[in-house]
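Thanks for asking me to look this one over. Here are my notes, as numbered points you can follow with the model open beside you.

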Amino acid sequence: MMKLEKLKIFKGTVIHSLKIDHVEILPNSLLGVNGNNGKIEFLKSNINDFEGELLSLEKDYQIDKNQDIVDLGNKFIIPGFIDTHAHAPQYHNAGTGTDLPLLKWLEKYTFPVESRFKDLEFAKNVYSKVVDRMLKNGTTTVCYYATLHLPASKLLADIVGQRGQRAFIGKVCMDRHSPDHYVESTADSIKDTREFVDTILAAGNPLVQPIVTPRFAPSCTDELMTQLGQLAQEKNTMIQSHLSENLDEVAWVKSLYPTLPSYTHVYKHFNLLNNKTIMAHAIHLSDSEISLIKQCEAGISHCPTSNFTLSSGCLDTRKILEAGVKLGLGTDVSGGFHPSILYVIKDAIKSSNHHHFNNAQYKPLSFEEAFYLATVGGSQVCGLQDTIGNFLVGKEFDAQIIDPYVANGPFDVFEADSLKDIFQKFIFLGDDRNVSDVYVKGNKIDL
Ligand code: GUN
Ligand code: FE
């Protein structure tokens, strides 16, 4: 048998999740990545005798100890974060326009900035910065909304591809109830979405996939929704939209579809709710809507930072998890002002604690569970549960190397801190300063 030559081995502490309520903290590990396909070859932990272990690995692998082994020292390695819902153009506004609820916020801040993406120079500047910012924060996979413009949406896909991030990218569709300066005809929306999907698929980068993106039910005509459902089926693509984020929005959808049983049923009615669908927010759902989502095997992107900022509400994550619905985390930049999933993890915990305030029986999300949602949960929502999310052998290596001791870093480690304490400090106090390296499919990203 030929020995595998291209191999990178990480030596040190590996942290990931296999189950929702438990984080595996694996000191003294060797994690091998196949340099040809970016997949994980082996993960061996709690090793006492590294020399002996390497000798035994040399039976299968050609290892150059000086070149192929990355000694993590007191850094540790975790899976890359998965942001299951972010609006790339809105990054321009992140940290501003935080004073209005959803529908007024869309009119006053969001549609105006998105309409500027007809200008490709403007788009290039914002899109380069948002992709860089996400990567710096250890986010290796993002489900991006672009804008309704075809050229700028293609540009976003190009930039993501060049930077080496993994992403789903959607040209936004909206042919009604939108301002005159930011709306498209039904025919253009379909034609441009088709061209967008075909272009991304033809580019042949397996890391960058198209996603069919009706903005939300109020901004798409029945004809557009019908055709988008057909297109997604024909091309076998993922689908993303917004669902039940805000009570005024829910009432609006009820007035638009008085004969359908619920907001969730509207997407179902147009064949837009299936096992490849990601619905952002999904806060104000009835039990029958949660059942419908489960039955259709769709996933939910929980965006608590956005939900707090736009005063949308607090998703009952426990109820969603107990219903067996796939759940991941999303920044929802710029409804959510912060581009980091670390920030969203903390807001997910706080949002869940809110349900505990007046209900002693309620089991709020633990930090271990929130970390799982940010990694494995996100992979399930994206249909990538066999590809990323943790370091099981055979998955692709999407990872971040975390340095808890970085100079001038955001927190301090004390002698009594266990590895678990240090990891938890990173989750609660850490930020992009602690992210020293990022890998996507085994490739090191230039940060
Ligand atoms: N619903 C429709 N469009 C949007 C958007 O851009 N952001 C959020 N948070 N909700 C939406
Ligand atoms: Fe959103």
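1. Let's start in the strands. This is a predicted model, and in it strand E6 (residues 139–145) runs parallel to E7, the two being joined by 5 bridges. If you want one pair to click on, take Tyr 144, whose bridge partner in E7 is Ile 169. Between the two strands comes helix H4 (residues 150–163), and E6, H4 and E7 together form a right-handed β-α-β unit.

2. E7 itself deserves a closer look. Strand E7 covers residues 166–170, and 5 of its 5 residues are buried. How are its two faces placed, covered or open? Both are covered: Arg 166, Phe 168 and Gly 170 are buried on one side, and Ala 167 and Ile 169 are buried on the other. Do note that an arginine, Arg 166, is on this buried list.

3. E7 also pairs with strand E9 (residues 208–214), in parallel and through 3 bridges. Here Phe 168 has Gln 209 of E9 as its bridge partner. Phe 168 is one of the buried residues of E7, and Gln 209 is buried as well.

4. Why is E9 described as largely enclosed by the rest of the structure? Because 7 of its 7 residues are buried. Val 208, Pro 210, Val 212 and Pro 214 point one way, while Gln 209, Ile 211 and Thr 213 point the other way.

5. E9 has further partners to check. Strand E8 (172–173) runs parallel to E9, with 2 bridges between them, and Val 172 stands opposite Thr 213 of E9. The chain gets from E8 to E9 by way of H5, in a right-handed β-α-β crossover. H5 is the helix of residues 186–203.

6. Moving on along the chain, E9 pairs with strand E10 (residues 238–243), again in the parallel sense, over 2 bridges. Val 212 has Ile 239 as its bridge partner in E10. The route from E9 to E10 goes through helix H6 (residues 222–235), and this β-α-β crossover is right-handed too.

7. Now to a second group of strands. An open sheet of 7 strands has the order E3-E2-E1-E4-E14-E15-E16, with mixed pairing. Which strands are at its edges? They are E3 (40–44) and E16 (443–444), each of which pairs on one side only.

8. Within that sheet, E1 (residues 7–19) and E2 (residues 22–34) are antiparallel and share 11 bridges. Lys 8 is a handy marker, standing opposite Val 33 in E2. Helix H13 (residues 367–381) packs on this sheet and touches E1, E2 and E4 (69–79), with its direction at about 120° to that of E1.

9. Next, the ligand. Around ligand 1 you will find His 87, Leu 102, Leu 106, Thr 110, Arg 215, Phe 216, His 242, Glu 245, Ser 306, Asp 332 and Gly 335. By type, this shell has 3 nonpolar, 5 polar and 3 charged residues. Helix H2 (residues 102–115) is the element that gives the most to the shell, with 3 residues. His 242 also falls in strand E10, which spans residues 238–243.

10. One peptide bond should be on your checklist. The bond from Val 333 to Ser 334 is cis, with omega near 5°. Ser 334 is in the loop between strand E13 (326–329) and helix H12 (341–356). Asp 332 and Gly 335 are both listed among the residues around ligand 1, so please view this bond and the ligand together.11. Two residues other than glycine have positive phi values. For His 177, phi is near 45°, and for Ala 282 it is near 50°. His 177 is in the loop between E8 and H5, whereas Ala 282 is in the loop between strand E11 (277–281) and helix H9 (287–296).

12. Are these two residues buried or exposed? His 177 counts as partly exposed because it has 16 C-beta neighbours inside 10 Å. Ala 282 has 25 other C-beta atoms within 10 Å and is buried.

Note on methods
Residues numbered from 1 in each chain as written. Chains lettered and ligands numbered in written order. Predicted model: local features only at pLDDT ≥ 70, side-chain atom pairs only at ≥ 80, totals over all residues. Near = placed C-beta within 6 Å. Helix = DSSP H or I, 4+ residues; strand = E, 2+ residues; numbered from the N terminus. Nonpolar A, V, L, I, M, F, W, Y, C, P; charged D, E, K, R; others polar. Buried ≥ 20, exposed ≤ 12 C-beta atoms within 10 Å, placed from the backbone. Pairing = 2+ DSSP bridges. Right-handed = clockwise from strand over helix to strand, strands pointing away. Contact = placed C-beta atoms within 7 Å. Axes fitted to C-alpha atoms, helices over the stretch in contact; angles between N-to-C directions.
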